[in-house]
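I opened my notebook to record, step by step, what I looked up in this structure. My entries start with a helix and end with a pair of residues.

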Amino acid sequence: MATNEARGAISASTIQRLYRAFMGARAALGLALLATQSLAGLMGARPTGWVALLALIYGVQTVLAWLLPRWFGGGEAPPKDRPGLSARQFLVSIGADLLLFTGLQLQEPGGPYGALFFMPALMAGALLPRLRALGCAALPSLVLLTLSGWAVLSDRDGALRISQAGLLGCGLFVVTLLSNEIASRLAREERAARGSLEYARQQADLNRLVIEEMEEGVLVADRRGLVRTANPAARALLAEGAALRSGAFRLDTTPAWKPLLRAIEKAFGGEHWPESGRDLLLDFGRGKQRSLRARMRFTQRPVDGDDLCVLFLEDNRMLEARNRQEKLAAMGRVSAGIAHEIRNPLTAIAQANALMAEDLADDPRLEPLTRMVSSNVERLKRLVEDVMEVAPGIAPVSLTLAAAPLVREYCADWAATQRLPEGDASPLRIEIWRDGLLISFEPEHLRRVLINLLDNGLRHARPGPGALRVQLAESDEWVRLSVFSRAEAIPPEVERHLFEPFFSTRSRGSGLGLYICRELCERYGARISYHRHAAPTGGPADAEANEFRVLLPRPATPAGVLASIPSAGPDSYFPDTELHER
């Protein structure tokens with residue numbers, strides 16, 4: 001029962017408000033009691049001394065308790081273990097009422113003071129749990145019944161008085177129960193309101209979090225151009241070279257925002273705004289411009305209210321980049337299908353060319369023709385392999401690899417394939433900082449990345465020994481694999497497109513080498529980037545180099561290390577492999 005009562009209790013703040021209201025009502029009742037006693041005295045019906053004294057005490061106590069609430073416990077919080085009033089508040093209000101009204105009733109058993117008991121009964125029903133409230137109603141009922149019973153024994157109109165006492169007692173119980181039920185309903189409504197308010201607050205926080213994390217800019221503005229709120233993406237789009245402070249701002253304060261202001265004014269003026277939006281050009285001066293796609297939505301317009309416009313802003317450069325990515329993905333799927341279909345006829349062409357070469361071995365005039373066919377077939381095979389390498393397929397599976405043996409093996413195989421000179425004349429050098437470095441990658445894909453970088457470096461490097469340098473080292477949480485080539489710096493207009501597909505500076509290049517490197521690295525959580533290293537002050541000019549840096553992820557656990565054992569020692573192609581220990 002106590003638990004149910006506690007659940008149905010109203011909050012402490014509501015109890016304090018109701019308590020103050022009842023104390024004001026008690027003060028009014030106390031002044032009214034004094035006024036009636038004074039009026040009765042003026043009309044000749046003087047009250048007894050005890051009645052006058054009790055009325056005076058009640059009037060003074062109620063007025064002081066109302067005017068000086070701190071002295072009479074008005075600011076005390078209700079106890080945590082049970083709902084309702086504190087002990088001090090109960091004694092000052094309900095306890096004082098029961099005591100003084102009982103005294104008045106004892107002094108004048110036939111007087112009209114029984115009706116005064118409705119005040120503590122109403123207050124107890126509203127501010128106390130049901131059982132204690134009924135106890136407060138039962139006490140004056142027993143007093144009234146006791147006095148009526150004494151009147152019956154004394155033969156002083158006992159029957160009439162006992163019926164009056166019974167009706168008053170029933171009325172006290174009814175008033176107590178009704179006020180308690182009203183208080184319980186108020187508690188339920190208050191809990192529902194608090195729950196709704198908390199839910200609304202959570203929804204507002206969630207909406208604010210979603211809007212703040214959106215990549216699309218969101219503005220809320222009125223017809224006068226006052227921006228009520230804007231998410232960080234919108235502030236970044238409207239600011240150029242400076243951070244836009246939080247808070248409301250006006251669009252007419254900055255010349256670059258005038259196109260937005262004019263668009264809002266036209267839209268509020270009734271001009272049709274397309275659902276897909278329109279492009280607006282913001283000119284920040286000094287050649288700095290930004291093209292935005294603006295979409296507008298309006299709040300429901302009240303009859304006498306302020307209209308609001310919600311603007312969704314997107315940078316057209318981001319839209320174009322997203323469209324390019326979608327087109328590239330679609331083109332990749334189509335290219336993979338075409339490459340798969342090319343494989344079979346390409347194999348047939350290669351076989352037919354080999355048979356023709358055997359049949360026409362005695363005719364030297366046709367030998368250049370068969371070599372040309374064979375060369376182009378090999379070129380088409382490489383192109384098909386490149387396209388198939390980056391085609392969507394099975395999810396990659398990373399293995400724990402020992403990096404140093406694999407790098408030595410791949411470099412040795414590549415040097416043999418390229419028929420590089422051996423010994424000190426070799427253009428290839430290797431630097432291994434530590435042999436025990438472990439990486440998380442796939443062996444064949446690591447080979448492909450390294451071979452592509454070596455091919456690219458050799459193609460652009462200046463001739464001479466040591467023109468290429470492969471370095472394997474530690475870099476924080478990564479293992480760094482770098483390919484240096486002594487070559488001219490890559491022009492900025494070319495550097496921007498280094499890792500884009502089908503971009504090549506050679507007429508016969510496919511433009512897929514570096515793109516494949518980037519795609520393979522991203523599959524396994526690695527990173528690839530380009531860096532230019534200038535010659536040190538006073539150093540030789542040929543110390544300048546281009547670096548393609550691959551940051552390889554380390555494995556989560558070193559168990560199950562897989563490493564290839566070099567089939568041919570690399571020392572025959574590059575002299576004295578350098579081993580650097582940190």
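The entries below concern a predicted model, and they are ordered by topic.

**Entry on the length of α3.** I began with α3, which covers residues 49–67, and asked what span its 19 residues should have at 1.5 Å a residue. The expected span is 27 Å, and since the C-alpha atoms at the two ends lie 27 Å apart, the two values agree.

**Entry on the sides of α3.** Next I looked up which residues of α3 are buried, and found V51, L54, A55, Y58, G59, Q61, T62 and A65. They sit on the same side of α3, because the arc they cover around the axis is only 170°. I then turned to the face pointing away from this buried side, where the exposed residues G49 and L67 are found. As for what covers the buried residues of α3, I noted that the cover includes α2 (12–42) and α4.

**Entry on a surface patch.** I also looked up a nonpolar patch on the surface, formed by L56, V60, L64, W66, L67, L68 and W71, whose accessible area together is about 710 Å². One member, L68, is placed in the loop between α3 and α4 (87–107). L68 counts as partly exposed because its relative accessible area of 32% falls between the limits of 20% for buried and 50% for exposed.

**Entry on I15.** Finally I went to helix α2, where I15 lies, and asked whether I15 is buried or exposed. I15 is buried, because its relative accessibility is 4%, which is under the 20% limit. I added that the C-alpha atom of I15 is 7.8 Å from that of L85, although the two residues are 70 residues apart along the chain.

Technical notes: Residues numbered from 1 in each chain as written. Predicted model: local features only at pLDDT ≥ 70, side-chain atom pairs only at ≥ 80, totals over all residues. Heavy atoms only, no water. Patch = residues over 30% accessible without salt bridge, like charges linked within 9 Å, V, L, I, M, F, W, Y side chains within 5 Å. Areas by Shrake-Rupley, 256 points an atom, 1.4 Å probe, with all protein chains shown as cover. Salt bridge = Lys/Arg side-chain N within 4 Å of Asp/Glu carboxyl O. Helix = DSSP H or I, 4+ residues; strand = E, 2+ residues; numbered from the N terminus. Buried < 20%, exposed > 50% of the residue type's maximum accessible area, 1.4 Å probe, protein only. Expected span 1.5 Å × (residues − 1). Arc of directions from axis to C-beta. Contact = heavy atoms within 4.5 Å.
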